[in-house]
Amino acid sequence: MKIKVELDGRDFIEVETEGQDSSAPGRTLKVSHVGCTEFMDMMKKMRRSFGADISKWPVPEGQDHSSLLLREMVLRLRGEWQAVSPETEICHCRGISAHTIDQAIIAGARTPEVVTRQTSASAQCGTCRPEVHKMIQYRLNQQKAS
């Protein structure tokens, strides 16, 4: 099974695991990652400090894109990631997907207003603004997704 977490067109981490249960310890076969210097340095430091099994790494607490991507991967490997489906349309007026909003958050949008400027989500009727806010809070580890 392959799990890939990415900031489209920039940084990614992909983990190939053995079998269907990606959360089983010691099941990682191959880790690939490409990205900016910050991301690559973080990956090297974590591997050096905590070993090759990413599922055993501590969950990063930072809000930079490198921490957000690695947090998602660690939680996915542990079976603890509960994000909105990327195919889910969050803003129905503008047809903006959860994936588009999530990518804006990873890239630095930290408020619903900034997400709106970058994606046009909630720019029309605004009924999706609470969902956008929940996505920001979850991605930044401020609360659990509901």
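**View 1. Helices α3 and α5 cross at roughly 50°.** In this predicted model, α3 pairs with helix α5 (residues 129-139). Their axes come within 10 Å. The crossing angle makes α3 oblique to α5. The crossing of α3 past α5 is right-handed. On the α3 side, the contact is made by A98, I101, D102, I105 and I106. On the α5 side stand V132, M135, I136 and R139. Sorted by class, this contact has 7 nonpolar and 2 charged residues, with no polar ones.

**View 2. Q103 of helix α3 reaches the backbone of E6.** Helix α3 spans residues 98-106 and holds Q103. Is Q103 buried or exposed? Its relative accessibility is 11%, so Q103 counts as buried. The cut-off for buried is under 20%. Which backbone atom does the side chain of Q103 reach? The partner is the backbone oxygen of E6, at 3.0 Å. Setting aside neighbours within four places in sequence, Q103 is in contact with E6, L7 and D8.

**View 3. Helices α1 and α2 meet in a right-handed crossing.** Helix α1 covers residues 37-50, and helix α2 covers residues 65-78. Two packed helices are described by the angle between their axes and the distance between the axes. Here the axes come within 9 Å and cross at roughly 50°. That angle makes α1 oblique to α2. From α1, the contact takes in E38, F39, M42, M43 and M46. From α2 come H65, S66, S67, L69 and L70. These contact residues divide into 6 nonpolar, 3 polar and 1 charged.

**View 4. S120 has a positive phi in the loop between α4 and α5.** Helix α4 covers 112-119, and S120 is found in the loop between α4 and α5. Most residues other than glycine have a negative phi. S120 is not a glycine, yet its phi is about 75°. How is S120 placed with respect to the surface: what is its relative accessible area? The value is 23%, so S120 is partly exposed.

**View 5. S122 also has a positive phi, near 65°.** S122 is a residue other than glycine. Where is S122 found? This serine, too, lies in the loop between α4 and α5. Its relative accessibility is 7%, so S122 counts as buried. The loop between α4 and α5 thus holds S120, which is partly exposed, and S122, which is buried.

How values were computed
Residues are numbered from 1 along each chain as its sequence is written. This is a predicted model: local features need pLDDT of at least 70, side-chain atom pairs count only at pLDDT 80 or more; totals for chains, interfaces and linings use all residues. Side-chain values use heavy atoms; hydrogens and water are left out. Axes are lines fitted to C-alpha atoms, for helices over the stretch in contact, and angles run from 0 to 180 degrees between N-to-C directions. Helices (H or I, at least four residues) and strands (E, at least two) are DSSP runs, numbered from the N terminus. Angles under 35 degrees count as roughly parallel, over 145 as roughly antiparallel, 65 to 115 as roughly perpendicular and the rest as oblique. A crossing is left-handed if the near helix is turned anticlockwise from the far one by less than a right angle, and right-handed if clockwise. Contact means heavy atoms within 4.5 Å. Ala, Val, Leu, Ile, Met, Phe, Trp, Tyr, Cys and Pro count as nonpolar, Asp, Glu, Lys and Arg as charged, and the others, Gly among them, as polar. Buried means under 20% relative accessible area, exposed over 50%, partly exposed in between (1.4 Å probe, protein chains only). A polar contact is a pair of N or O atoms within 3.5 Å; within protein, one must be able to donate a hydrogen and the other to accept it, and residues adjacent in sequence count only if both atoms are side-chain atoms.
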